[in-house]
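Q: I should like to learn how to read the features of a model such as this one. May we begin with the pairing of strands?

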Amino acid sequence: MKMDKKEEVLRFKRLGIMLDCSRNAVKSVAMLKVFIRMIKKMGYTTLMLYTEDTYEVDNQPYFGYMRGRYSQEELKEIDRFAGENDIELIPCIQTLAHLNAIVHWPVYEKITDCNDILLAEDERTYELIDHMFATLEKCYSTRLVNIGLDEAFMVGLGKYLRIQGYENQHGIFVRHLHKVREIAMAHGFQVLMWGDMLFRSYNDGKYQCEAPVVGEHVPDEIPEDVGVIYWDYYDYREKNEIHYHEMFKAHKKLRNELWFASGGWTWSGFTPRNYMAEIVDHFTFPLCEKYQVENIILTMWGNDGCVCPVFSALPAIFHAAELARGNYDMNLVAKRFEEQFGVPYEAFKLLDLPGKIGCDTGRLKNPEKYMFFADPFLGFYDSTVVDGEGGKFEEISGKLSPWVSHGEWGHLFDAVKKLCDVLSIKYELGVRLRRAYQTGNRPELRRCGEDCRKTTQRVVSFQEALRITWMKENKAYGYETWELRFGGLMLRLESCAKRVEDFLEGRIGCVEELEEELLDMEGNGRELQHRPEARGVSVESPGFPGHLQSLRP
């Protein structure tokens, strides 16, 4: 469908990005300025900074300590720059759960309920939250704030339970929401919140459901001036519009202003899932129009270390902006993308490919990450490996090679290429080791030992490439986590190589771990230890699913 330029106006009140600045990586001020200019050019209006504890709060020296927190002056600078570019900068914080970085400090022990959850209905908790809002009031121009409140699964079941006795979780949650809203209003803010906890108590702890139930009294319990964000980015099954219809209808019963949060898919592994974002956004953006949802946020979470570069998800970011203006013509999307970024759309999506190896239809995994760190002797994930799939990474490396020298984006392709160079050996290394040991194939066992050391050399190269991508986007804080992980991996690979040598030279009588029979990682016991059958995994660029071409608003 070709679009008339005159028709291409933003179909929503707000179109925004949420950047994760808490899960080990804090985006640098310089990166944010580049990003703000870029998303403004695409048509975005809004940017949320997800900061659990990574911002300076007066009288709270341990809040974000040694985590790269933004100083108040940095926040003011970012807010000022965003305003100059007509981007509304909205703080996205946490006021109940997801505060695992602060609860490790003894100073916060008294206001920790359970796990990463603050102690509700304790004045010391609300004193801390008041300090949070005092910072936001000084640093942000907007008077809209996302207060979080998501995934507080264990609220009321830790210290709260010992002090107050058992209380209904939903009741605790609602009272806490009212108190946080009261504090926010005192500082001039209107609040948004993630919507899941409004549903979990009535849906057996679940959120995204086929037939979601809204508690009878919930619409009256939630103040109408509280914006509710419906977040949903995992259901990507073909022709599954019914799920989204039901979820939108359930949220509309709340009578609150409804926002929708889709996903940019930067949280699964080392590489993005741009193709996943495409599928979900094609389901959901038309429904946002149908259900009169005026605000859309594309979330760029960074679970487990925030190691996937934000800029590697440019196809997802650009595609969402095009949908928001009514352009569902993928050929036109691709044409405009290449004009803006100097790399073909499908070439940029080559970055998705390592995450597709070993993924069964309808199931999402992150093989490029778990097999990267998998122990060659213990083999916990070897039941997922198919013979010959390691060679697919070598093919992908070749496909990425032409783009590693690109002036602006080459570092992204270089890092993923070097990741594939590691996995071309390591992906099947554990399977080969165990098979050679158990069949008495000494020449192959020796080759496997040598490959442990070869893998180590390639890990060094990948680590350096990843360091470059990290420093282009983030503050230095947090990268030490990855250095520790890489260091542990390399030490283990060297240890495995030495033990193979010791066995072959007769210095030890066996390799104990390789003696043990493997169990399937998904609980199927011995039935599926290792599947040698090939599944014909394609390493072609994951194009846009044909069945979605017909979806239109």
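Q: Which residue in S10 is the bridge partner of Trp 259?
A: In this predicted model, Trp 259 has Asn 295 as its bridge partner in S10. The contact belongs to a parallel pairing in which 5 bridges join strand S9 (residues 258–263) to S10.

Q: What is the bridge partner of Arg 14 in S10?
A: Arg 14 is likewise partnered with Asn 295 in S10. Strand S1 (residues 14–20) pairs with S10 in the parallel sense, over 6 bridges.

Q: Which unit do S9, helix H9 and S10 make?
A: The path from S9 through helix H9 (residues 274–290) to S10 forms a β-α-β unit, and this unit is right-handed.

Q: How many residues of strand S10 are buried?
A: A residue counts as buried when its relative accessible area is under 20%. In strand S10 (residues 295–300), 6 of 6 residues are buried, and the strand is described as mostly covered. Asn 295, Ile 297 and Thr 299 point one way, Ile 296, Leu 298 and Met 300 point the other way, and all are buried. For the chain as a whole, buried residues make up 59% of the 553 residues.

Q: Where does Phe 153 lie, and why is Phe 153 called partly exposed?
A: Phe 153 sits in the loop between strand S6 (144–146) and helix H4 (159–164). The class partly exposed covers values between the 20% and 50% cut-offs. Phe 153 has a relative accessible area of 44%, and is therefore partly exposed. As for its surroundings, Phe 153 and Ser 201 are 48 residues apart in sequence, while their C-alpha atoms are 9.6 Å apart in space.

Q: How many cavities of 30 Å³ or more are there?
A: The general idea is that rolling a probe the size of a water molecule over the atoms shows where empty space is left. Here the count comes to 3 cavities of 30 Å³ or more. The largest cavity has a volume of about 80 Å³, and the second largest cavity holds about 50 Å³.

Q: Which helix supplies the largest share of the lining of the largest cavity?
A: Helix H15 does, with 4 residues. Both H15 (410–426) and helix H17 (442–473) supply at least two residues of this lining. Among the lining residues are Phe 270, Leu 412, Val 416, Phe 462 and Leu 466. By class, the lining of the largest cavity has 10 nonpolar, 2 polar and no charged residues.

Q: Which residues line the second largest cavity?
A: The lining includes Cys 306, Cys 308, Trp 470, Glu 473 and Asn 474. Its residues divide into 6 nonpolar, 2 polar and 1 charged. Leu 466 is among the residues lining the second largest cavity, and Leu 466 also lines the largest cavity.

Q: How many residues line the second largest pocket, and which lie nearest its centre?
A: A pocket is an open set of points, whereas from a cavity the probe cannot get out. The second largest pocket has a volume of about 370 Å³. Its lining comprises 18 residues, with Ser 22, Arg 23, Asn 24, Arg 67 and Asn 100 nearest the centre. This lining divides into 3 nonpolar, 8 polar and 7 charged residues.

Q: What radius of gyration does the chain have?
A: The chain has 25 Å, which agrees with the value near 24 Å for a compact globule of 553 residues. Its C-alpha atoms fill a box of roughly 75 × 65 × 45 Å along the principal axes. The chain contains 19 helices and 10 strands.

How values were computed:
Residues are numbered from 1 along each chain as its sequence is written. This is a predicted model: local features need pLDDT of at least 70, side-chain atom pairs count only at pLDDT 80 or more; totals for chains, interfaces and linings use all residues. Side-chain values use heavy atoms; hydrogens and water are left out. On a 1 Å grid over the protein atoms alone, a cavity is a set of points where a 1.4 Å probe fits but cannot get out, and a pocket is an open set with protein on both sides within 12 Å along at least five of seven lines; lining residues have an atom within 4 Å of a point. Grid points are joined across faces, edges and corners, and a volume is the space filled by probe spheres set on the points. Ala, Val, Leu, Ile, Met, Phe, Trp, Tyr, Cys and Pro count as nonpolar, Asp, Glu, Lys and Arg as charged, and the others, Gly among them, as polar. Buried means under 20% relative accessible area, exposed over 50%, partly exposed in between (1.4 Å probe, protein chains only). Two strands pair if DSSP finds at least two bridges between them. A crossover is right-handed if, with the strands pointing away from the viewer, the path from the first strand over the helix to the second runs clockwise. The radius of gyration is taken over C-alpha atoms; the globule rule is 2.2 Å times the number of residues to the power 0.38.
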